[in-house]
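Work through the exercises below with the sequence and the model side by side, and try each task before reading its solution.

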Amino acid sequence: MFRAITFIFSILTPVYSYSQNMPKNPAQTMAKQATFKTSVEIIPPPAPGFKTRFASVNEWLTAVATGNQPQKTISRYNIALFEAPGAYTLSLTGTNTYIEGINVQSTRIDYTPREMYCDLPASYYQSQTREQLLAKIVADIKNFTATPVFKTSFLAGASNIILETNGDVIWAKK
């Protein structure tokens, strides 16, 4: 008799214990998987041998700000740094993000200025580490955003300006 009771308890105890840990609503334990798709346009580097007429980042950005205007509102301007042996080139594009469907979005380049690229002179980056060069570029662009040329340009209408190379937000609309 004692064996039978022990046997029954040894079976019922785990079953009872398991039932106490069951959630009241089984739907709460279901895992949901969501897929989010995004696409981003990427610009190519300038053609080999490309040369710009600008002596500084400020001069280049001034030419962009006073040059051809975008045809539509731009939410973000991206500045990218292309690196090649012994050469560095900046580029500027304007992008907007579009919702294409449920969990699908795309970021498209909706503006490229005539003066899309700017070669950095060798004196600008000589004797600098990559981190120092990026910091110098960010500082120069931040200085430009404090100028009246920037403040009255279409560039100031965007939400922000990003250095794509490291993702730094250089300027954001307040």
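The exercises that follow go from the whole chain to single side chains, and they concern a predicted model.

**Exercise 1. Describe the overall make-up of the protein chain: which helices and strands does it have, and in what order do they run?**

Step 1. The protein chain has five helices and seven strands, and from the N terminus on these elements run α-β-α-β-β-β-β-α-α-α-β-β.

Step 2. Of the 174 residues, 33% count as buried, while the chain exposes about 11500 Å², of which carbon and sulfur atoms supply 58%.

Step 3. Among contacts with a separation of 6 or more, 60% are accounted for by residues 24 or more positions apart.

**Exercise 2. Find the largest nonpolar core, and work out which elements supply it and how helix H2 is covered.**

Step 1. The largest nonpolar core has 34 residues, and those with the most contacts inside it are Trp 60, Tyr 77, Leu 90, Leu 120 and Ile 137.

Step 2. At least two residues of this core come from each of H2, strand S2 (76–84), S3, H3, H4, S6 and S7. In soluble globular proteins, nonpolar side chains tend to be buried together.

Step 3. Helix H2 spans residues 57–65, and its buried residues are Val 57, Trp 60, Leu 61, Ala 63, Val 64 and Ala 65. Their cover includes strands S3 (87–101), S4 (104–111) and S5 (117–119), together with helices H3 (122–125), H4 (130–145) and H5.

Step 4. Not counting residues up to four places away in sequence, Trp 60 touches Phe 54, Leu 90, Ser 91, Leu 92, Glu 115, Met 116, Tyr 117 and Cys 118.

**Exercise 3. Analyse the pairing of strands S6 and S7: in which sense do they pair, and what joins them?**

Step 1. Strand S6 (residues 160–163) pairs with S7 in the antiparallel sense over four bridges, and the bridge partner of Leu 163 in S7 is Asp 168.

Step 2. The two strands form a hairpin with four residues between them, and Gly 167 in the turn has a positive phi of about 80°.

Step 3. Asn 160 is found in strand S6, and its relative accessible area of 19% is under the 20% limit, so Asn 160 counts as buried.

Step 4. Leaving aside neighbours within four places in sequence, Asn 160 is in contact with Ser 75, Arg 76, Tyr 77, Val 169, Trp 171 and Ala 172.

**Exercise 4. Classify the aromatic pair of Phe 150 and Trp 171, and decide whether each of the two residues is buried or exposed.**

Step 1. The structure holds eight aromatic pairs. A pair of aromatic rings is described by the distance of the centres and the angle of the planes.

Step 2. For Phe 150 and Trp 171 the centres are 5.0 Å apart and the planes stand at 80°; because an angle over 60 degrees counts as edge-to-face, this pair is edge-to-face.

Step 3. Phe 150 lies in helix H5 (residues 148–151) and Trp 171 in strand S7 (residues 168–172), so the pair ties together parts that are 21 residues apart in sequence.

Step 4. Phe 150, at 1% relative accessibility, counts as buried, and Trp 171, at 16%, also counts as buried.

**Exercise 5. Locate the aromatic cluster and the charged ends that sit over rings.**

Step 1. Phe 50, Phe 82 and Tyr 117 form one aromatic cluster.

Step 2. The charged end of Arg 108 sits over the ring of Tyr 98, 3.9 Å from its centre, and that of Lys 136 sits over the ring of Tyr 124, 4.3 Å from its centre.

Definitions and conventions
Residues are numbered from 1 along each chain as its sequence is written. This is a predicted model: local features need pLDDT of at least 70, side-chain atom pairs count only at pLDDT 80 or more; totals for chains, interfaces and linings use all residues. Side-chain values use heavy atoms; hydrogens and water are left out. Rings of Phe, Tyr and Trp (its six-membered ring) pair if their centres lie within 6.5 Å; planes under 30 degrees apart count as stacked, over 60 as edge-to-face and the rest as tilted. Buried means under 20% relative accessible area, exposed over 50%, partly exposed in between (1.4 Å probe, protein chains only). A charge sits over a ring if NZ of Lys or CZ of Arg is within 6 Å of the ring centre and within 35 degrees of the ring normal. Contact means heavy atoms within 4.5 Å. Accessible areas come from the Shrake-Rupley method with a 1.4 Å probe; for residues, only the protein chains shown count as cover. Two strands pair if DSSP finds at least two bridges between them. A nonpolar core is a set of buried Ala, Val, Leu, Ile, Met, Phe, Trp, Tyr and Cys residues joined through side-chain atoms within 4.5 Å.
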